[in-house]
Amino acid sequence: MKLTVFGATGGIGQEIVKQALAAGHQVTAVVRDPARLPVPLSEVQVVTSDLDDAEELRAAVAGRDAVLSGLGARKRSDAGVAARLTRPVLQAMEAEGTRRLLVVSAGPLGPAPQGQPLVDRAMLSVVNSALRPVYADLRAMEDALAQSATDWTSVRPPRLTNKPVSGVYRTVVGGNPSRGRTVARADVAHAMLAMIDDPATVKQGVGVAY
């Protein structure tokens, strides 16, 4: 497949690029700094962009089978970047008729699993309070997805780790896995690539966790 990856130098974005290339896909990486890509520049098509101009992004998404985005805040003070940077991507995709889009969001935006343990509810409350601006940003991003013409999927992991890819995790369409407290960035990337051709995930939030 022909794939475009936004946020390709971030933790999840780098994994998407590496795993997509290993699977034989053609990858276009949209980045601010190509030097931070995890693979030789000869292996990918590189588009350098600040992501603030939808017209500029049209060539990066034209004719692609899917667009995958790891865009989002890396710290609390970055809140606002997910929605702000995703909107031009949506505009470019709609202009080019490119429909499939998968983005990274967060588990707390999905409904709590039935029978969630008290300790997990307490932990979630603390996290929600500490990261309120970040989650507000992700909700705004998901609202923009819902209003778009794309066939979007919002992938919602819990706390992220840097463990290697295992390919062994749980997913819940429209919810979150029970007692799913962590997942590796590499497995989030693996799940996103696996969901590209899964119609059950279209226009849905999907929880992914161990």
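**Figure 1. Helix 1 and helix 6 sit oblique to each other in this predicted model.** Why oblique? The answer is in the angle: the two axes cross at roughly 55 degrees, and angles count as roughly parallel under 35 degrees and as roughly perpendicular from 65 to 115, so this pair is called oblique. The helices in question cover residues 11-22 (helix 1) and residues 185-195 (helix 6), and their axes come within 8 Å. If you follow how one passes the other, you'll find a right-handed crossing.

**Figure 2. Here's a look at who meets whom between helix 1 and helix 6.** On the helix 1 side, look for Gly11, Ile12, Glu15, Ile16, Gln19 and Ala20. On the helix 6 side, the residues are Arg185, Ala186, Val188, Ala189, His190, Met192 and Leu193. What kinds of residues make up this contact? They split into 8 nonpolar, 3 polar and 2 charged.

**Figure 3. Helix 6 is largely enclosed by the rest of the structure.** That description fits because 8 of its 11 residues are buried. To find them, pick out Ala186, Asp187, Val188, Ala189, Ala191, Met192, Leu193 and Met195.

**Figure 4. Zoom in on His190, a residue of helix 6.** Is His190 buried or partly exposed? Its relative accessible area is 30%, so it counts as partly exposed. Which residues does His190 touch, once its neighbours within four places in sequence are set aside? They are Gln19, Val165, Gly167 and Tyr169. Take Gln19: it is 171 residues away from His190 in sequence, yet the two C-alpha atoms are 7.2 Å apart in space.

**Figure 5. Now step over to the sheet, an open one with 8 strands.** Going across, the strand order is 3-2-1-4-5-6-10-8, and the pairing is mixed. Where does the sheet end? Strand 3 (45-48) and strand 8 (170-173) are the edge strands, each pairing on one side only. Neighbouring strands aren't lined up exactly: on average they are turned by 20 degrees against each other, ignoring direction.

**Figure 6. Helix 2 packs on the sheet.** This helix runs over residues 54-61 and touches strand 1 (2-6), strand 2 (26-31), strand 3 and strand 4 (66-69). Compare its direction with that of strand 1, and you get an angle of about 145 degrees.

**Figure 7. Strand 5 is covered on both faces.** In a regular strand the side chains alternate between the two faces of the sheet. Here, Arg100, Leu102 and Val104 are on one side, Leu101 and Val103 are on the other, and all of them are buried. How many residues of strand 5 (residues 100-104) are buried? The count is 5 of the 5, so this strand is largely enclosed by the rest of the structure.

**Figure 8. Strand 5 has strand 4 as one partner and strand 6 as another.** With strand 4, the pairing is parallel and uses 3 bridges. One place to look is Val67, whose bridge partner in strand 5 is Leu101. With strand 6, strand 5 also runs parallel, and here 5 bridges do the joining. For a landmark in this second pairing, find Val104 standing opposite Val155 in strand 6.

**Figure 9. Strand 10 pairs in the parallel sense with strand 6 and in the antiparallel sense with strand 8.** Strand 6 (residues 151-156) is joined to strand 10 (residues 204-209) by 4 bridges, and Arg156 has Gly207 as its bridge partner in strand 10. Between strand 8 and strand 10 there are 4 bridges. In that pairing, Val173 has Val206 as its bridge partner in strand 10. Strand 10 is largely enclosed by the rest of the structure, because 5 of its 6 residues are buried.

**Figure 10. Two loop residues, Leu51 and Lys203, have a positive phi without being glycine.** Leu51 is in the loop between strand 3 and helix 2, and its phi is near 65 degrees. Lys203 is in the loop between helix 6 and strand 10, with a phi of about 55 degrees. Which of these loop residues is buried, and which is partly exposed? Leu51 has 5% relative accessibility, so it counts as buried. Lys203 has 39% relative accessibility, so it counts as partly exposed.

Notes:
Residues numbered from 1 in each chain as written. Predicted model: local features only at pLDDT ≥ 70, side-chain atom pairs only at ≥ 80, totals over all residues. Heavy atoms only, no water. Pairing = 2+ DSSP bridges. Helix = DSSP H or I, 4+ residues; strand = E, 2+ residues; numbered from the N terminus. Axes fitted to C-alpha atoms, helices over the stretch in contact; angles between N-to-C directions. Contact = heavy atoms within 4.5 Å. Parallel < 35°, antiparallel > 145°, perpendicular 65-115°, else oblique. Left-handed = near helix turned anticlockwise from the far one by under 90°. Nonpolar A, V, L, I, M, F, W, Y, C, P; charged D, E, K, R; others polar. Buried < 20%, exposed > 50% of the residue type's maximum accessible area, 1.4 Å probe, protein only.
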